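Me: Hello! I am new to this structure and would like help reading a few of its features.

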Amino acid sequence: MQDIDDEMKKPLLKHLVEITAHREHSRLAISVISALYQLTGVQSIRMLEIFTMRDEHYVQEKMVIRDGIVHTIAEHTNDDPKEALSSCPAMMACIRNHLNEYQETTSDGTHVLWLPVWLHGKMNSCLELRSEHVLAPATMEVIHGVFHIYCNYQSLLDYSERDALTGLFNRKTFDEQFTRYAFAIAPHEAHSMEKDERRHDSNDEPKGHWLAVVDIDHFKQVNDRYGHLYGDEVLILVANILRASFRAHDRIFRFGGEEFVILLRATTLSDARKIFDRFRQNVQEYDFPQVGKVTVSLGFVNIARETPVVILGHADQALYHAKKSGRNRICYYQELVNSGVLRSGITTNDTVEFF
């Protein structure tokens, strides 16, 4: 960066120190767009996120900075404003040609710089910088330097958050994220569903957030009979089925061994039950190479304002009952309590593993 003058070097170094101090993707992104905004004097910077829903690709605004103020969206839902990816020609051009940047001038004379963020060979988001003037070479050098540091650092964060075998989020990431996820729920969304069990015949069934614990049935027998290589392949394929069965804003974790955890967001009880059972059927119907048929059991619970230990423990109790009752089924904790099968509270059976 020999073209950068001394006046810019000090604030640039200060921003780089701040960027690399973060250990969470959203805070890292806010730090980066704030740094670029202050260092370049552009009109605005947006971060756009790409996601897939019902096999269609969409774009949503994750955060924007204009007039010196950063606006963010913590968690997207299907109800948020979104555009089809096909309606963004610049982003489509980046994906089609695997470009690292794209520049255009709009009809009103605004200069736009698009910087796609590539992760695991796919473009998962994009920065859009808008300026009244053509950006000078020295300014472009700063933008490229800061942006490349951001991409490299984001890859490191992503690597530390993922399970090496399946690519899903790992147990450490669940422990770090779940409290923030659960308590970020709005008060009217975070209620226990107990009071609403009577309302199944109503068209205004409330939406809630759900935690499910999944276990592959008889997985030890797979390892013992076919070997760990085929056991690992089963884990990878189940992880792929999990990704295909849930939405972009849901969260899927591998806890280790054959156990997975799902955070299902903003869904009614009846829909949650259908979604979890559809996943179970997807696994049951899949032909696993060499191994043949594999099934899973699942226990789920509404995420209310209780501690992560209690919520996870309740889901684990429901899972234990599903396995004890014949496997290859899903069980809802509150339904088991209401029917008298389970006592409300956390048991101390050997399957419950607290963190």
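Reply: Happy to help; we will go through cysteines, aromatic rings and one charged residue.

Reply: This is a predicted model, where local features need pLDDT of at least 70, side-chain atom pairs count only at pLDDT 80 or more, and totals for chains, interfaces and linings use all residues. Residues are numbered from 1 along each chain as its sequence is written, and side-chain values use heavy atoms, leaving out hydrogens and water.

Me: How many disulfides does a search of the whole structure find?

Reply: A disulfide is a covalent bond between the sulfur atoms of two cysteines. The cut-off here is a pair of cysteine sulfur atoms within 2.5 Å, and the search finds zero.

Me: Why does C126 form no such bond?

Reply: Its closest cysteine sulfur, in C94, is 5.5 Å away, which is too far for a bond. C126 is also buried (under 20% relative accessible area, with exposed over 50% and partly exposed in between; 1.4 Å probe, protein chains only), at 0% relative accessibility.

Me: What about aromatic pairs?

Reply: Rings of Phe, Tyr and Trp (its six-membered ring) pair if their centres lie within 6.5 Å; planes under 30 degrees apart are stacked, over 60 edge-to-face, and the rest tilted. The whole structure has 12 such pairs. One of them is the tilted pair of F169 and F253, with centres 5.7 Å apart and 40° between the planes. Both F169 and F253 are buried.

Me: Which residues are in contact with E161, leaving aside its neighbours within four places in sequence?

Reply: Contact means heavy atoms within 4.5 Å. E161 touches R23, H25, L168, F169, N170 and T173 in this way.
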